[in-house]
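Me: I would like a close look at the salt bridges in this structure, as far as there are any, and then at the surroundings into which they fit. Please take it slowly and keep the local details tied to the elements that carry them.

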Amino acid sequence: MDSYDHEGVKAGPKPGAGIAGLSLPYQVVAALALGVVGVLACVHLGMVFLHVAPSNTVSKQYGEAVDNWIYPEFEQNWKLFAPNPLQQNIAVQVRAEVAAPDGERTTTDWIDLSAEDGAAIRGNPLPSHVDQNELRRGWDFFTGSHDAQNRAQGVRGQLSEQYLRRIVMLRLADHRLGGPVQRIQLRSVSTTVDAPAWSRTKFDTRPTYRVCPWWSVTSADLPGGVRNGRTEAGR
């Protein structure tokens with residue numbers, strides 16, 4: 001039955017919901033956008049599957065492409081469920097060589113970046129994924145692609161260094177260091193978690209250090225919005 005408004009004029013069809021309610025050009029744009037999102041989602045799921053799946057013909061043939069997609073942001077690991085889960089507290093610290101306005105270079109004290117992340121997480125019911133995992137996973141990526149002498153093992157090692165430098169420069173942007181950063185040096189402080197009081201097992205809980213070499217900072221190490229005290233950083 002047809003419907004009429006209060007003036008007796010026949011009412012037209014009600015607009016549809018969702019994409020159907022848009023004009024034809026907007027429907028085309030929305031459909032294309034959904035298609036692109038769907039394709040990206042399928043590609044991502046496929047890449048993650050090939051990364052975590054046992055070695056096979058496809059992963060061997062396209063292993064480099066899979067690694068370039070996964071690392072470092074989407075790396076997967078199973079340390080939480082391993083027979084021997086991690087039993088150490090690992091803090092990542094940095095110190096910087098800063099150029100003062102008079103041209104003199106000074107070195108800062110060690111800044112505990114992991115402690116800053118911990119402070120941001122503690123007491124926060126909805127902590128940021130960045131605060132929880134960015135630095136920690138970046139350091140895991142570094143140690144997994146370098147030998148005991150901190151020498152990079154292939155392209156992944158070089159990529160991990162670039163990734164860490166960008167993370168660190170983003171964190172240092174919140175500190176007043178007195179000038180632009182010329183070089184940075186990272187180290188980790190690892191402390192074994194002691195056994196519970198009822199256990200007879202004892203661990204050496206003295207901290208151990210892993211100290212990286214000094215890295216020069218260039219404009220390529222500055223994430224968007226980080227100026228490092230100057231616009232011509234690295235020139």
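Reply: In this predicted model, the side chains of Asp 147 and Arg 151 meet in a salt bridge, with an N to O distance of 2.7 Å. Asp 147 counts as buried, because its relative accessibility of 18% falls under the 20% that marks a buried residue. Between these two partners in the numbering comes Asn 150, which lies in the loop between H5 and H6. The backbone there deserves a second look, since phi of Asn 150 is near 65°, a positive value in a residue other than glycine. Asn 150 counts as buried because its relative accessibility is 12%.

The next pair is formed by Arg 165 and Asp 221, whose closest N and O atoms are 3.0 Å apart. This salt bridge links distant parts of the chain, with Arg 165 in helix H6 and Asp 221 in the segment after strand E6 (215-216), 56 residues apart. Asp 221 has a relative accessibility of 4% and so counts as buried, and Arg 165, at 14%, counts as buried as well.

Helix H6 also carries Arg 171, whose side chain meets that of Glu 134 in a salt bridge at 3.1 Å from N to O. Because Glu 134 belongs to helix H5 and Arg 171 to helix H6, this pair ties together parts that are 37 residues apart in sequence. Arg 171 is buried, with a relative accessible area of 10%. A network of salt bridges, rather than a separate pair, links Glu 97, Arg 105 and Arg 183. With a cut-off of 4 Å between a side-chain nitrogen of Lys or Arg and a carboxyl oxygen of Asp or Glu, the count comes to 8 salt bridges.

From these charged pairs one can turn to the nonpolar interior. In soluble globular proteins, nonpolar side chains tend to be buried together. The largest nonpolar core in this model has 25 residues, and those with the most contacts inside it are Val 94, Leu 172, Val 181, Ile 184 and Leu 186. Strand E1 (88-99), helix H5 (129-144), helix H6 (154-172) and strand E4 (181-192) each supply at least two residues of this core, with H6 giving the most, 6 residues. Leu 172, which follows Arg 171 in the numbering, can serve as a point of entry: leaving aside its neighbours within four places in sequence, Leu 172 is in contact with Val 94, Ala 96, Ile 111, Leu 177, Val 181 and Ile 184. Apart from this core lies another one, of 5 residues, among them Met 47, Val 48, Leu 50 and Ile 70.

Two of the residues that Leu 172 touches, Ala 96 and Leu 177, return among the contacts of Thr 108, which, with neighbours within four places in sequence left aside, also include Arg 95 and Val 98. Thr 108 is found in the loop between strand E2 (105-107) and strand E3 (111-112), and it counts as buried because its relative accessibility is 18%.

Ile 70, named in the other core, leads to helix H3 (residues 63-70), in which Gly 63, Val 66 and Ile 70 are buried. These three cover an arc of only 65° around the axis, which puts them on the same side of H3. The background is that an α-helix has 3.6 residues a turn, so residues three or four places apart point the same way. The face of H3 turned away from its buried side carries the exposed residues Glu 64 and Asn 68. What covers the buried residues of H3 includes H1 and helix H2 (57-61).

In helix H2 one finds Ser 59, which is buried, with a relative accessible area of 14%. Leaving aside its neighbours within four places in sequence, Ser 59 is in contact with Leu 50 and Pro 54, and its C-alpha atom is separated by 9.1 Å from that of Met 47, 12 residues apart along the chain.

Helix H1 (residues 24-52) has a further part at the surface, where it gives the most to a nonpolar patch, with 4 residues. That patch of about 510 Å² is made by Val 36, Val 39, Leu 40, Val 43, Trp 69 and Phe 74. Val 43, which lies in helix H1, is partly exposed, with a relative accessible area of 33%.

Conventions
Residues are numbered from 1 along each chain as its sequence is written. This is a predicted model: local features need pLDDT of at least 70, side-chain atom pairs count only at pLDDT 80 or more; totals for chains, interfaces and linings use all residues. Side-chain values use heavy atoms; hydrogens and water are left out. Patches are made of residues with over 30% relative accessible area and no salt bridge: like charges are joined within 9 Å, nonpolar side chains (Val, Leu, Ile, Met, Phe, Trp, Tyr) within 5 Å. Accessible areas come from the Shrake-Rupley method with a 1.4 Å probe; for residues, only the protein chains shown count as cover. Buried means under 20% relative accessible area, exposed over 50%, partly exposed in between (1.4 Å probe, protein chains only). The arc is that of the directions from the helix axis to the C-beta atoms. Contact means heavy atoms within 4.5 Å. A nonpolar core is a set of buried Ala, Val, Leu, Ile, Met, Phe, Trp, Tyr and Cys residues joined through side-chain atoms within 4.5 Å.
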